[in-house]
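Student: I am new to this structure and would like to take a close look at one part of it. Could you walk me slowly through a single sheet and what surrounds it?

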Amino acid sequence: MISQEGINTITVSADDNVLNHSEKTGKVRIDKTNPTVSITKTEPTGLNGWNIDDVTLSVKACDGVSGVKSITVTDTTDGKTVTIRPEKNNIGTPDIDNGKKEVTQEYVIKDSGEHSLKIEVEDYAGNKCTYS
């Protein structure tokens, strides 16, 4: 049984009764671990914790096994959704064997009012983590 996370190389060989030999090598990719996300934001620029300027969130997604495939930020207050795919923004690579292990992306809130955000990170194996 193969249970080690990461890219495992296996080789299978067979011989028949007349000594014919065949051998095949392949990869088994295992990623059971969810990605992680951490968020920092700009300090309030007004009094009493209020922001009087745009608020910039720095979203850091990490996945040490298959790599970060996407970060989706949804502002549940107004329904705006932004999906960041690292390989399409030149900050990662679509090569599933060498996915970007850490991606940091900024998200700017420009509209006044209270905002609720949902942030979802997905890795190349399909594991997800959600922060809200």
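Tutor: A good place to start is a single pair of residues, remembering throughout that this is a predicted model: Val37 stands opposite Ala61, a residue of strand E4. In general, the strands of a sheet are joined by backbone hydrogen bonds, and they may run parallel or antiparallel. Here E3 and E4 pair in the antiparallel sense, and six bridges link them.

The sheet itself is open and consists of three strands, arranged in the order E3-E4-E7 with antiparallel pairing. Strand E3, which covers 36–41, and strand E7 stand at the edges with a single partner strand each, so one side of each has no neighbour in the sheet. If direction is ignored, neighbouring strands of this sheet are turned against each other by 20° on average.

From the sheet we can turn to the largest nonpolar core, which has 16 residues, and among these Ile71 and Val121 touch the most other members. At least two residues of this core come from each of strand E4 (55–62), strand E5 (68–75), strand E7 (102–109) and strand E8 (117–123). The most is given by E4, which supplies four residues.

Ile71 deserves a closer look, and if its neighbours within four places in sequence are left aside, its contacts include Val59 and Ala61, the latter being the residue in E4 that stands opposite Val37. Ile71 is also in contact with Val82, Thr83 and Ile84, with Val103 and Gln105, and with Ile119, Glu120 and Val121.

Another residue to examine is Cys62, which counts as partly exposed because its relative accessibility is 22%. The closest cysteine sulfur to that of Cys62 belongs to Cys129 and lies 9.6 Å away, which is too far for a bond, since a disulfide requires the two sulfur atoms to be within 2.5 Å. Cys129, for its part, is buried, with a relative accessible area of 14%. The count of disulfides by this rule comes to zero.

Finally, for a view of another strand, we can look at Asn8, whose place is in strand E1, residues 6–15. Asn8 counts as buried, at 13% relative accessibility, and a polar atom of its side chain lies 2.8 Å from the backbone oxygen of Gln4. Although Asn8 and Val28 are 20 residues apart in sequence, their C-alpha atoms are 5.0 Å apart in space. Beyond its neighbours within four places in sequence, Asn8 is in contact with Ile2, Gly26, Lys27, Val28 and Ile30.

Key. Residues are numbered from 1 along each chain as its sequence is written. This is a predicted model: local features need pLDDT of at least 70, side-chain atom pairs count only at pLDDT 80 or more; totals for chains, interfaces and linings use all residues. Side-chain values use heavy atoms; hydrogens and water are left out. A nonpolar core is a set of buried Ala, Val, Leu, Ile, Met, Phe, Trp, Tyr and Cys residues joined through side-chain atoms within 4.5 Å. Buried means under 20% relative accessible area, exposed over 50%, partly exposed in between (1.4 Å probe, protein chains only). Contact means heavy atoms within 4.5 Å. Two strands pair if DSSP finds at least two bridges between them. Axes are lines fitted to C-alpha atoms, for helices over the stretch in contact, and angles run from 0 to 180 degrees between N-to-C directions. A polar contact is a pair of N or O atoms within 3.5 Å; within protein, one must be able to donate a hydrogen and the other to accept it, and residues adjacent in sequence count only if both atoms are side-chain atoms.
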